[in-house]
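The following exercises concern the structure shown below. Each task is followed by a solution worked in steps.

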Amino acid sequence: MIPFLQCRRSTTMFVLALFGAMWASALAGNAQETAPLGHNQSQPAPLVQEHKTIRVSDHVYVIPDGRVNLVPNIGIIVGNRATLVVDAGMGPRNGQTVLRELAKVSKNADLYLTTTHFHPEHVTGAQAFPANTKIIRSEAQEEEVKQKQPEFIHNFSQRTPEIQALLQDVKPRPPDILFDREVKLDLGGVTARLFLVGPGHTRGDTAVYVEEDKVLFTGDVVVNRFFPIFPDRDASGKNWLAILNQFEALQPRTVVPGHGEVGDAGLLSKEQGYLKSLQSRVAELKAQGKSADDTAKLLSDEFRQKYPDWENPGWISDAAKHFYSESD
Ligand SMILES: [Zn+2]
């Protein structure tokens with residue numbers, strides 16, 4: 001028996017609600033989750049890696065992203081009775097790769113899939129999963145899938161022919177189980193706690209904590225050697241910092257970020273260090289009377305120098321603008 005705290009069957013169909021303006025600032029020149037429209041051949045196709053799966057604890061495996069843009073780290077948590085996959089890759093072709101990797105580490109017929117947030121590279125591989133897979137996500141995240149994903153798919157598809165091919169056959173796959181704040185999945189000898197933490201990177205950010213193994217899946221609230229992404233106006237810098245405190249309180253042994261190499265709790269403090277120092281620099285410049293644009297420009301240059309090995313510096317200015325509008 002699975003002790004769902006709160007769940008219900010979803011009968012909701014996808015509604016194509018297009019939110020135009022929200023994505024506009026994100027098209028300003030960032031590679032990881034967004035990029036300028038048009039074809040960019042220099043990026044490798046966002047394919048989930050085959051034969052690279054690593055075991056990070058007794059029950060947990062990760063298909064590492066290989067630091068390829070628009071490929072997330074994918075988790076596989078294997079119990080005696082059931083298996084939970086965390087994130088699905090972009091489009092059905094990547095979903096098939098996840099299933100091939102899954103078959104190497106789990107024979108359980110009872111399969112769950114959850115997604116850390118609504119962005120296409122985390123969600124749209126779901127279509128490839130067998131019909132009996134139980135897809136589980138928070139209500140807040142499902143709202144965002146319905147409202148925003150069609151436009152994200154549209155925008156992503158214009159970036160490269162490879163991405164367009166990966167996304168062209170995507171059909172919405174509604175979840176089987178929705179939860180409000182939190183749910184625990186007893187997979188047999190191992191428990192996965194799924195809990196809504198957003199808004200941080202997105203409104204529906206959901207983390208997964210594997211209690212027995214002390215492994216935390218953060219979604220894109222934590223990324224390793226990438227500047228964190230503030231994709232639209234629903235992102236929240238203040239809450240992002242609160243989420244990182246919440247993560248630290250769990251004292252995880254292993255942290256699986258949304259993108260970038262798997263690490264330990266040090267990843268949480270690194271991300272916190274960046275966001276806090278950006279937040280306080282924004283407050284200083286704002287107090288000096290600098291405009292939001294000038295602040296973003298100045299800090300973009302400053303933090304590029306400070307974090308020379310972090311990718312996607314284009315996102316510094318979006319983060320700075322969020323902190324600017326949030327500070328009083
Ligand atoms: Zn994301």
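**Exercise 1: The end of a helix**

Determine which residue takes a positive phi just after α5.

Solution. In this predicted model, the residue is Q251, and its phi is about 50°.

**Exercise 2: The two sides of α5**

Establish the span of α5, and state where its buried residues lie around the axis.

Solution. Step one: α5 comprises 13 residues, 237–249. From the first C-alpha to the last, α5 reaches 19 Å, close to the 18 Å expected at 1.5 Å a residue.

Step two: the buried residues of α5 are G237, W240, I243, L244 and F247. These cover an arc of only 105° around the axis, and therefore lie on the same side of α5.

Step three: an α-helix has 3.6 residues a turn, so residues three or four places apart point the same way.

Step four: N245 and A249 are exposed on the other side of α5.

Step five: the packing partners of the buried residues of α5 are β11 (215–217), α6 (266–287) and α8 (315–326).

**Exercise 3: The largest nonpolar core**

State how many residues the largest nonpolar core has, and identify the contacts of A320.

Solution. Step one: buried residues account for 49% of the 328 residues in the chain.

Step two: the largest nonpolar core has 84 residues. Those with the most contacts inside this core are I77, L84, V85, A192, L278 and A320.

Step three: with neighbours within four places in sequence left aside, A320 is in contact with L278, V282, T295, A296, L299 and S300.

Terms used: Residues are numbered from 1 along each chain as its sequence is written. This is a predicted model: local features need pLDDT of at least 70, side-chain atom pairs count only at pLDDT 80 or more; totals for chains, interfaces and linings use all residues. A residue is buried if 20 or more other C-beta atoms lie within 10 Å of its own, exposed if 12 or fewer, and partly exposed in between; C-beta atoms are placed from the backbone. A nonpolar core is a set of buried Ala, Val, Leu, Ile, Met, Phe, Trp, Tyr and Cys residues joined through C-beta atoms within 7 Å. Two residues are in contact if their C-beta atoms, placed from the backbone, lie within 7 Å. Helices (H or I, at least four residues) and strands (E, at least two) are DSSP runs, numbered from the N terminus. The expected span of a helix is 1.5 Å times one less than its number of residues. The arc is that of the directions from the helix axis to the C-beta atoms.
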